[in-house]
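Biologist: Please take one part of this model and walk me through it closely. Start with a single strand, then work outwards to what surrounds the annotated site.

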Amino acid sequence: MKFLPVSFLILALAAAAAFAYDPSPLQDICVATNDLNSGVFVNGKFCKDPKQATADDFLFMGFRNPGNTSNPLGSKVTPAFVDQFPGLNTLGISMARIDFAPGGLNPPHTHPRGTEVLVVVEGTLLVGFVTSNQLNNTLFTKVLYKGDVFVFPIGLIHFQLNIGNTYALAFAGLSSQNPGVITIANAVFGAKPPISADVLTKAFQVDKKVVDYLQAQFWYDNN
Ligand SMILES: *[C@@H]1O[C@H](CO)[C@@H](O)[C@H](O)[C@H]1NC(C)=O
Ligand SMILES: *[C@@H]1O[C@H](CO)[C@@H](O)[C@H](O)[C@H]1NC(C)=O
């Protein structure tokens, strides 16, 4: 161990940084860049040289137009996460725009790294989240009207359904620059390669033909 090279220690430290939670930033700005030569590795994305940063790095215009809800779910999420919005890098925050056709559903999903706070701007949404097994998988659900705000705690499975006769629109803030999305049906029944039917028949207590049917569906990703 005493001959452990310095380069190895540096690598180990870099790995520790890569596994970090969204940190408190150690500098004013750290605009994400794909140019590996321009900066240091900070929590998932390289920083642009701060002297090269411009106001455009802190502007996201992707919410100007509605998302296309002509899909099997009747909803579209437009994320403004660090991948779409480089100025968010290291800041521990992000947003999403969610458009809903009448009857449109943002299906049960979780954000493994972010709490979500959602405000309804148009329409009427039935929303809810389910607590973990420890809290008996309790459903917390509400009907939200224009102006209402609801919070979905980090990691918990949640959904939003447009129960009005009109288009609905909501915006969400998330407590990570890269909150992640796991859509439950897609992950369980649309895994590639498929999860063994032996696993799913027992897990869901159904016949193999039900599992085969579900695995044969096209699981649209509305994100
Ligand atoms: C919306 O998506 C549908 C299905 O992919 C497509 O046919 C349609 O042209 C899209 N509409 C717009 C305005 O992009
Ligand atoms: C969960 O269920 C158990 C057993 O019925 C009960 O003792 C416990 O109080 C419940 N906990 C919550 C948070 O509801």
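Modeller: Begin with strand E10, residues 149–152, in this predicted model. Its side chains alternate. Phe150 and Phe152 point to one face and are buried. Val149 and Val151 point to the other face and are not buried. E10 has a partner: it pairs with E7 in the antiparallel sense, over 4 bridges. Within that pairing, Val149 of E10 stands opposite Val119.

E7 leads to the annotated site. Strand E7 covers 116–122, and the loop between E6 and E7 holds His111. What does UniProt list as "binding site" here? The record, an unreviewed entry, gives Asn106, His111 and Glu116. The annotation may be inferred rather than shown by experiment. In the model, Asn106, His111 and Glu116 are included in the lining of the largest cavity.

Take His111 in more detail. Is His111 buried or exposed? Its relative accessible area is 5%, under the 20% cut-off, so His111 counts as buried. Leaving out residues up to four places away in sequence, His111 touches Glu116, another of the listed positions. Its other contacts are Ile154, Gly155, His158, Leu174, Pro179, Gly180 and Val181.

Now Asn106. This residue lies in strand E6, residues 105–110. With a relative accessible area of 3%, again under 20%, Asn106 is therefore buried too. Which residues does Asn106 touch, not counting those up to four places away in sequence? They are Ser75, Val77, Ile98, Phe100, Phe159, Gln160 and Asn222.

E6 also belongs to a sheet. The sheet is open and has 5 strands, in the order E9-E8-E11-E6-E13, with antiparallel pairing. Its edge strands are E9 (139–144) and E13 (182–183), each pairing on one side only. E6 and strand E11, residues 157–162, run antiparallel and are joined by 3 bridges. Leu105 has Leu161 in E11 as its bridge partner. His158, a contact of His111, falls within the residue range of E11. So do Phe159 and Gln160, which Asn106 touches.

Two of the Asn106 contacts, Ser75 and Val77, fall in strand E4, which spans 75–80. Ile98 and Phe100, also touched by Asn106, fall in strand E5, which spans 94–100. The loop between E4 and E5 holds Gln84. Gln84 has a relative accessible area of 36%, between 20% and 50%, so this residue is partly exposed. A polar atom of the Gln84 side chain lies 2.8 Å from the backbone nitrogen of Phe81. Neighbours within four places in sequence aside, Gln84 is in contact with Phe60 and Pro79. Gln84 and Phe60 are 24 residues apart in sequence, yet 8.1 Å apart in space, C-alpha to C-alpha.

One covalent feature remains. How many disulfides does a search of the whole structure find? The search finds 1. Cys30 and Cys47 form it, with their sulfur atoms 1.9 Å apart. The pair links distant parts of the chain, 17 residues apart. Cys30 is in the loop between helix H1 (6–18) and strand E1 (32–33), while Cys47 is in strand E3, residues 45–47. The link is left-handed, with -75° about the S-S bond. Both cysteines, Cys30 and Cys47, are buried.

Terms used. Residues are numbered from 1 along each chain as its sequence is written. Chains are lettered from A and ligands numbered from 1 in the order in which they are written. This is a predicted model: local features need pLDDT of at least 70, side-chain atom pairs count only at pLDDT 80 or more; totals for chains, interfaces and linings use all residues. Side-chain values use heavy atoms; hydrogens and water are left out. On a 1 Å grid over the protein atoms alone, a cavity is a set of points where a 1.4 Å probe fits but cannot get out, and a pocket is an open set with protein on both sides within 12 Å along at least five of seven lines; lining residues have an atom within 4 Å of a point. Helices (H or I, at least four residues) and strands (E, at least two) are DSSP runs, numbered from the N terminus. Buried means under 20% relative accessible area, exposed over 50%, partly exposed in between (1.4 Å probe, protein chains only). Contact means heavy atoms within 4.5 Å. A disulfide is a pair of cysteine sulfur atoms within 2.5 Å. Two strands pair if DSSP finds at least two bridges between them. A polar contact is a pair of N or O atoms within 3.5 Å; within protein, one must be able to donate a hydrogen and the other to accept it, and residues adjacent in sequence count only if both atoms are side-chain atoms.
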